[in-house]
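Thank you all for coming. I would like to walk you slowly through one structure today, so please have the sequence and the model open as I speak.

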Amino acid sequence: MKDYAPDKIRNVAFVGHGSSGKTSLVSTFLFNSGATSRLTKVDKGNTVTDYSEEEIERKISINSAISFLEWKEHKLNLVDTPGYSNFLWDTRASLRAVDAGVLVVCGVAGVEVGTEKVWEMLEEFGLPRIIVVNKLDRENADFRRTLESIHQFFGRSAIPVQLPVGEEKNFSGVVDLINKKAYIFEKNESGKNKEEEIPSEIKAEADKYHEELTEMVAENDETLMEKYFEKGELSSEELKDGLKKSIINRQLFPVFVSSALLNIGTQPILDSIIDFLPYPLERGEIKGKKEGKEAGIKSSLDEPFSALVFKTISDPYTGRISLMRVFSGKINPDVTVSNTTKDTDEKLGGLFYLQGKEQIPAGQAKCGDLVATAKLKKTSTGDTLCQKGSALEFPVIKFPEPSISFAIEPKTRADEDRISQATHRISEEDPTARIERDSETNELIISGNGQLHVEIITDRLKKRYDVDVILKPPKIPYKETIKGKSDVQGKYKKQTGGRGQYGDVLIKMEPLPKGKDFEFQDKIFGGAIPKNYIPSIEKGIQEARKKGVVAGYPTVNFKVILYDGSYHDVDSSDIAFKIAASMAFKKGMKEARPTILEPIMNVEIHTQETYMGDIMGNLNGRRGKMQGMEQKGNLRIIKAQVPMAEMLDFEPTLTSITGGRGSFFMEFSHYEEVPTHLHQKIINEAVKEGRIKPEGE
Ligand SMILES: Nc1nc2c(ncn2[C@@H]2O[C@H](COP(=O)(O)OP(=O)(O)OP(=O)(O)O)[C@@H](O)[C@H]2O)c(=O)[nH]1
Ligand SMILES: [Mg+2]
């Protein structure tokens, strides 16, 4: 492939609510630029970026995928991200690799929960963005209504630079509000179009928006403002230059229109990515740390090599593929670099570009580009790679804690044997997926960000690693804590024949402020217990606290103060003190008003007025607590906190209440005490699972 200087590269991520058309838009771009020879479709399962078996089967994006194209002497790296909430962690991680976002909004549904979430992410990383209102060919598509909803959520700085010509089945082209021209597209999905005059019925509206655009651009630049005052207008060059500045400074977010399905309106967006979105060198300084202190590096070819590994793909055939964004300098294949996150050296293999799953050899990788390498031994997602000797480290990528767990059972012994290798490969690629054995119940537990996520992990186990498992009903990760204080003794004494065992501890237990996990305080004075036994006592408590006394769940949010005890010169040992500590813990826990905690989720629902009553009633029945309600146009936003245990079947319920006209987002918020009347049910379940023994045994 041709060699592209950093100013000829654009890195953009396609983000948006699930199913808004991100993958389809990327497909049209690839086709229009000649990167693919035909227009691929999500529904045909042949797109470049939804290439995994799971994606093809479900027709949704599950992983961020990279593709690239060459257009007007530029190389565009397009990162197609998932929109479904279970996979937004990957979207967020991918945003670290790009310089701008293309926010895709459905022209029928308008702004949805996922649109808001990805907007927040773009804000978090300070990324300039353009907005594309897609699906304008669909029944009930309405650009003006969609624009209205964009304004309600993101303000009026979301400014149209295009208007659609026709809508629904009459959608045939776009009006360019900068050059005041219309482009009418052939109806054969070829993307070919003809320049025409703006149709008379939208001429007045186009003039109005052109003027509004000019004014808003001029407002952000004094020189342009003066010119605008003087002449009453700006030349299209001035308008374009000013617009680019406003976009890069995130003062304006231009709105485009398209139908990805019919390949209408997509070339002008390609042009705009080059014209208006920043190239890598325009990022300025990339923030990081050196030896614990704030430090940065200029995004420049002249600086030493630095890159961030933003994604890892675990391919059963090729092995591990690490995708990196080069932030400075350049790098050749097969050299040794420093992994500053892990403080180790790493030898690179060959370098290649990814076109979906296809690997295209790359000679050298330069500042600003996205490039992949295979078989790194020690590097994982989020690590910084640097020229040897450099100490620069980019901030690590934070991933959410899994919010739902299921027990799985391997179907056969052979499946069981293969599982640990598969587990390793899966978590390498997906840091939010966990497969662990519950030490209390001995069950294998699989955890993820939602039911769909967990189903996909089990799918992967089967298809990629030949591990067949039965997925059991979901599990709630309860915890236990104490509400009161206790002061107890734990004494372990065995002094019959030979060398005996002797350990004796006195501890106090008390609750910690919310959110704190555990603290151990040693307040032994005057050698009541020799210092060398203290670590064993702490260890004894740490081990014992993995299992609470109510239903056998891990314990949190309390403090243990070791304040007295006694020992025996001959019989005392580490193990004796460990046992004494665990006895004290159990007793102390029982006497300190123990209780069960459950995870509470933040839930946000978008819907229409009509369904509000039913939804609120339903949430009430789920022990939900309303946090707030907002109105944006005819959209109602409900925010509530609901116990996870009550939310497991919420998705189908919402669909049935709203007939599909509702969307929701859910994430873990915090732990709260389970009401007492529900304890017995949880205890019974725990007995059934073998987590605790029945009462009296
Ligand atoms: N009518 C119409 N359908 C579209 C358009 N764009 C996408 N679709 C359809 O909408 C569905 C979802 O499209 P995708 O491209 O997979 O959407 P996405 O945003 O990538 O979805 P996720 O990655 O799962 O979040 C598919 O059935 C597409 O064929 C469009 O412009 N018009
Ligand atoms: Mg997609």
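Let me begin with a definition, since I will name many elements: helices and strands here are DSSP runs, helices of at least four residues and strands of at least two, numbered from the N terminus. Please also keep in mind that what you are looking at is a predicted model.

With that in hand, we can turn to ligand 1 and ask which element gives the most to the shell around it. That is helix α1, residues 22-33, which contributes three residues. There are 19 residues around ligand 1, and those that come nearest are Lys22, Thr23, Ser24, Ser61 and Asp137. If we sort the shell by character, we find four nonpolar, ten polar and five charged residues.

Some of the contacts can be given with distances. A polar side-chain atom of Ser61 is 2.7 Å from an oxygen atom of ligand 1, and an N or O atom in the side chain of Asn134 is 3.1 Å from an oxygen atom of the ligand. Leu261 takes part through its backbone, with an N or O atom 3.3 Å from an oxygen atom of ligand 1. Taken on its own, ligand 1 has 640 Å² of accessible area, and the protein covers 91% of that.

Two of these residues return at the metal. The magnesium ion, ligand 2, has Thr23 (OG1) and Ser61 (OG) as its protein donors, at 1.9 to 2.0 Å. This pair brings together distant parts of the chain, because Thr23 sits in helix α1 whereas Ser61 sits in the loop between α2 (53-58) and β2 (65-71), 38 residues apart. Are these two donors buried or exposed? Residues under 20% relative accessible area count as buried, so Thr23, at 6%, is buried, and Ser61, at 9%, is buried as well.

Now let us move to the strands, starting with β3, residues 74-80, where seven of the seven residues are buried. His74, Leu76, Leu78 and Asp80 point one way from β3, while Lys75, Asn77 and Val79 point the other way. In general, the side chains of a regular strand alternate between the two faces of the sheet. Strand β1, residues 9-16, runs parallel to β3 and is joined to it by six bridges, with Asn11 paired to Asn77. On the other hand, β2 runs antiparallel to β3, with seven bridges between them, and Ala65 stands opposite Asp80. The hairpin of β2 and β3 has two residues between the strands, and Lys72 in the turn has a positive phi of about 45 degrees.

Strand β8, residues 173-176, is also covered on both faces, with Gly173 and Val175 buried on one side and Val174 and Asp176 buried on the other. Four bridges join β8 to β7, residues 162-165, in an antiparallel arrangement, and Leu163 has Val175 as its bridge partner. Four bridges also join β8 to β9, residues 181-185, again antiparallel, and here Asp176 stands opposite Lys181.

Finally, there is an open sheet of three strands in the order β13-β12-β24, with antiparallel pairing. Why is one side of β13 and of β24 left without a neighbour in the sheet? Each stands at an edge and has a single partner strand, so no strand lies on its other side in the sheet. Between β12, residues 285-290, and β13 there are six bridges, one of which pairs Glu285 with Lys298.

Conventions:
Residues are numbered from 1 along each chain as its sequence is written. Chains are lettered from A and ligands numbered from 1 in the order in which they are written. This is a predicted model: local features need pLDDT of at least 70, side-chain atom pairs count only at pLDDT 80 or more; totals for chains, interfaces and linings use all residues. Side-chain values use heavy atoms; hydrogens and water are left out. A residue is near a molecule or strand if one of its heavy atoms lies within 4 Å of it. A polar contact is a pair of N or O atoms within 3.5 Å; within protein, one must be able to donate a hydrogen and the other to accept it, and residues adjacent in sequence count only if both atoms are side-chain atoms. Accessible areas come from the Shrake-Rupley method with a 1.4 Å probe; for residues, only the protein chains shown count as cover. Ala, Val, Leu, Ile, Met, Phe, Trp, Tyr, Cys and Pro count as nonpolar, Asp, Glu, Lys and Arg as charged, and the others, Gly among them, as polar. Buried means under 20% relative accessible area, exposed over 50%, partly exposed in between (1.4 Å probe, protein chains only). Two strands pair if DSSP finds at least two bridges between them. Donors are N, O and S atoms within 2.8 Å of the metal (3.2 Å for Na, K and Ca); water is not among the atoms, so sites may look incomplete.
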